[in-house]
Amino acid sequence: MPARVEILPADERRPTLAAHVCLDRLLRSVPKRREITLGIMSHGNMPGLGVPPWTLRAALDCFDARKLRLRDVFVLGDPEAGQRLFERASFGHPSGSITPFPPSGRESLRIKLPETGVPARVPAHWVGTNLVLLAPLCHQRARAGAWTGPLVTSVRNLAAGLGYHAPSDPALAIGARLISDVFATSTVLLDATWWAAADDEGRLACDPTAPEHVLGIACNELDDMKVVDEWLDGLLNLAAATTGHQRSHARVPFVTGRRKPWPIARLPARPLHAEGLAGRAVKALWGRRSLPAPVRAALRPSVPGKFSSAWSSYRPVDFDRS
């Protein structure tokens, strides 16, 4: 079966609604007796680089509504940004805390993989659970120079989190195999409130744009993940050469829901090291937490779209007081 995609426009008046609906439609088919392992892909604590707190809150609400127990939470990419997001979004929710990743000791399980002679070490309690991965709509430049879409980027970060740092397909194949072999099901909640591009270190590489949509994606195979990334490239009007992999012209995802027009995205024409000194200095400072808040606000690019103020002003409802 082709990858399944649920897409809905985001509503700034009810920021959790679209994410809740998209995820709920896909979770109807997962085994209810199996627990949830929640992964958070985060490049940084900025719009487009990380998932907004209301999207994570929508996922927690959806698990509760479906009576699906959250077993584990882990972060890919920037652990500090993911931790801050989780703490902010889970206020008042009895969801525990983020589990250290990668695993070690008796709590891990070794899995032999045909792509490498080194066995993968995964948390034993992941096996047989339903994976739900939250990710921002972000393209990342690989060290080889090619740009990869959000699903492929997340898979590579999973492999890297387990200790594999190959620059291309080996790490990608390893991450995809772990998803299909370890978890009972896998679902991606892709937040497209903003789109952004990140360099190979996860730093913001361009001004974000605002598609203002949310997508729920069900796919287990690597080829399906590539197909979804290609489809997203088409929505963003990005050139095929920027995706860094061969296109699958004969395959398309099965898409339901509704969609409004998306803005045109523009990837940086040059890598960060080829930019001027001033441009590199400003972009390097965009993600610095050590700077005073007024300085950070002055240096950062403007946040576009209807959700421009929600990133800093959103506050979740306390479950204990609702």
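Which residues line the second largest cavity? In this predicted model, the lining is made up of F74, L76, L131, L133, S154, V155, L158, I179 and F183. The second largest cavity has a volume of about 50 Å³. Strand β3 (70–77), strand β6 and helix α4 are the elements that give two or more residues to this lining, and α4 gives the most, with three residues. Sorted by class, the lining of the second largest cavity holds eight nonpolar residues and one polar residue, with no charged residues.

A look at the other empty space helps to place this one. The structure holds two cavities of 30 Å³ or more, and the largest cavity has a volume of about 90 Å³. Its lining consists of L131, L133, L151, S154, V155, I179, S186, T187, V188, C219 and M225. Here β6, α4 (150–161) and β8 each supply at least two residues. By class, the lining of the largest cavity has eight nonpolar and three polar residues, and again no charged residues. Among the residues found in both linings are L131, L133, S154, V155 and I179.

One residue of the second lining, F183, leads on to the aromatic pairs. The count of such pairs comes to six. The rings of W54 and Y314 have their centres 5.6 Å apart, with the planes at 70°; this angle is over 60 degrees, so the pair is edge-to-face. The pair links distant parts of the chain, as W54 sits in helix α2 (residues 53–65) and Y314 in the segment after α9 (310–313), 260 residues apart. W54 counts as buried, at 1% relative accessibility, and Y314 is buried as well, with a relative accessible area of 14%.

For W126 and F183, the ring centres are 5.5 Å apart and the planes stand at 35°, so this pair is tilted. W126 belongs to the loop between β5 (116–123) and β6 (130–141), and F183 to the loop between α5 (169–182) and β8 (185–198), so the pair ties together parts that are 57 residues apart in sequence. Both partners fall under the 20% cut-off for burial: W126 has a relative accessibility of 2% and F183 one of 7%.

Beyond single pairs, ring pairs link W54, W194, F307, W311 and Y314 into a cluster. The edge-to-face pair of W54 and Y314 thus has both its residues in this cluster, while F183, of the tilted pair, is one of the residues lining the second largest cavity.

Key:
Residues numbered from 1 in each chain as written. Predicted model: local features only at pLDDT ≥ 70, side-chain atom pairs only at ≥ 80, totals over all residues. Heavy atoms only, no water. Phe/Tyr/Trp six-rings, centres within 6.5 Å; stacked < 30°, edge-to-face > 60°. Helix = DSSP H or I, 4+ residues; strand = E, 2+ residues; numbered from the N terminus. Buried < 20%, exposed > 50% of the residue type's maximum accessible area, 1.4 Å probe, protein only. 1 Å grid on protein atoms, 1.4 Å probe; cavity = no way out; pocket = protein on both sides within 12 Å on 5 of 7 lines; lining within 4 Å. Points joined across faces, edges and corners; volume = space filled by probe spheres on them. Nonpolar A, V, L, I, M, F, W, Y, C, P; charged D, E, K, R; others polar.
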